[in-house]
Amino acid sequence: MPHQESAFIDMSEGIYEIGFAGDGFCFDNELNRHKVYLNAFAISSNLVTNTEYLEFINAGGYHDFRYWHSEGWAWANEHKIEAPMYWHLIDGEWQGYTYHGLQPLGLKDPVCHISYYEAYAYAQWRGMRLPTEFEWEAAATRFNWGKAWEWTESAYLPYPGFNKAPGAIGEYNGKFMVNQKVLRGASEVTPPGHQRITYRNFFHPYLRWQFNGIRLAK
């Protein structure tokens, strides 16, 4: 494959602290802070670019069942998904719908507006995987993040000791802890107060309207 390799950050096996700590604001799903054991892994220092993702498209990735979850394959075929949301192939050239309307695709920009299904399939095609949310948090101080939300391989589940708050406040996060995947990081439209390493975003795996991208792990 002719893609340009990103640098990978090696992370040692061991016990890592996960979750919010301190006196500032956080959401209830960032608590309680707890320890996790991680095997040794490597995580990319960069997000996957549009150029790299185009290679997946041109290699027939949307038409090869081997890279997809069964559910993702059914979704892509049912909805005739051929490219990221807001991409348009016009006169043989890819363009992206931006704040300024249709523009030539920024080839060096991080690929964006993709589902978890697509992120997973791309990672499989590359012979890699998506990081878990715990791997992402453990490594996040060692790479730049914030250009796009990053799909992880983690289901959205409560941390140890999590309890829903009484009343309406308890409805905010706890009731969504089913059938969703965690995203980490932030995007170019995320308010500054929500940009922190412990923030846990979450979406159903088929959703693409948010600024969602890919960071690989292995």
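**Compactness, cores and a patch**

Student: What share of contacts between residues at least 6 apart in sequence joins residues at least 24 apart?
Tutor: The share is 73%. Contact means heavy atoms within 4.5 Å. This is a predicted model, where local features need pLDDT of at least 70, side-chain atom pairs count only at pLDDT 80 or more, and totals for chains, interfaces and linings use all residues. Residues are numbered from 1 along each chain as its sequence is written, and side-chain values use heavy atoms, with hydrogens and water left out.

Student: Why is the chain called as compact as a globular protein of its length?
Tutor: Its radius of gyration, taken over C-alpha atoms, is 18 Å. The globule rule (2.2 Å times the number of residues to the power 0.38) gives 17 Å for 218 residues. The two are close, so the chain is as compact as a globular protein of that length.

Student: What makes a set of residues a nonpolar core?
Tutor: The members are buried Ala, Val, Leu, Ile, Met, Phe, Trp, Tyr and Cys residues, joined through side-chain atoms within 4.5 Å. Buried means under 20% relative accessible area (1.4 Å probe, protein chains only). The largest core has 37 residues; Y53, F56, W68, W87 and I214 touch the most other members. Its largest share, eight residues, comes from α3. A second, separate core of 14 residues includes V36, L38, F41 and A140.

Student: Which residues make the nonpolar surface patch of about 480 Å²?
Tutor: Y86, I90, Y97, L102 and W209. Patch residues have over 30% relative accessible area and no salt bridge; nonpolar side chains are joined within 5 Å, like charges within 9 Å. A salt bridge is a side-chain nitrogen of Lys or Arg within 4 Å of a carboxyl oxygen of Asp or Glu. Areas come from the Shrake-Rupley method with a 1.4 Å probe; for residues, only the protein chains shown count as cover.

Notes
Buried means under 20% relative accessible area, exposed over 50%, partly exposed in between (1.4 Å probe, protein chains only). Helices (H or I, at least four residues) and strands (E, at least two) are DSSP runs, numbered from the N terminus.
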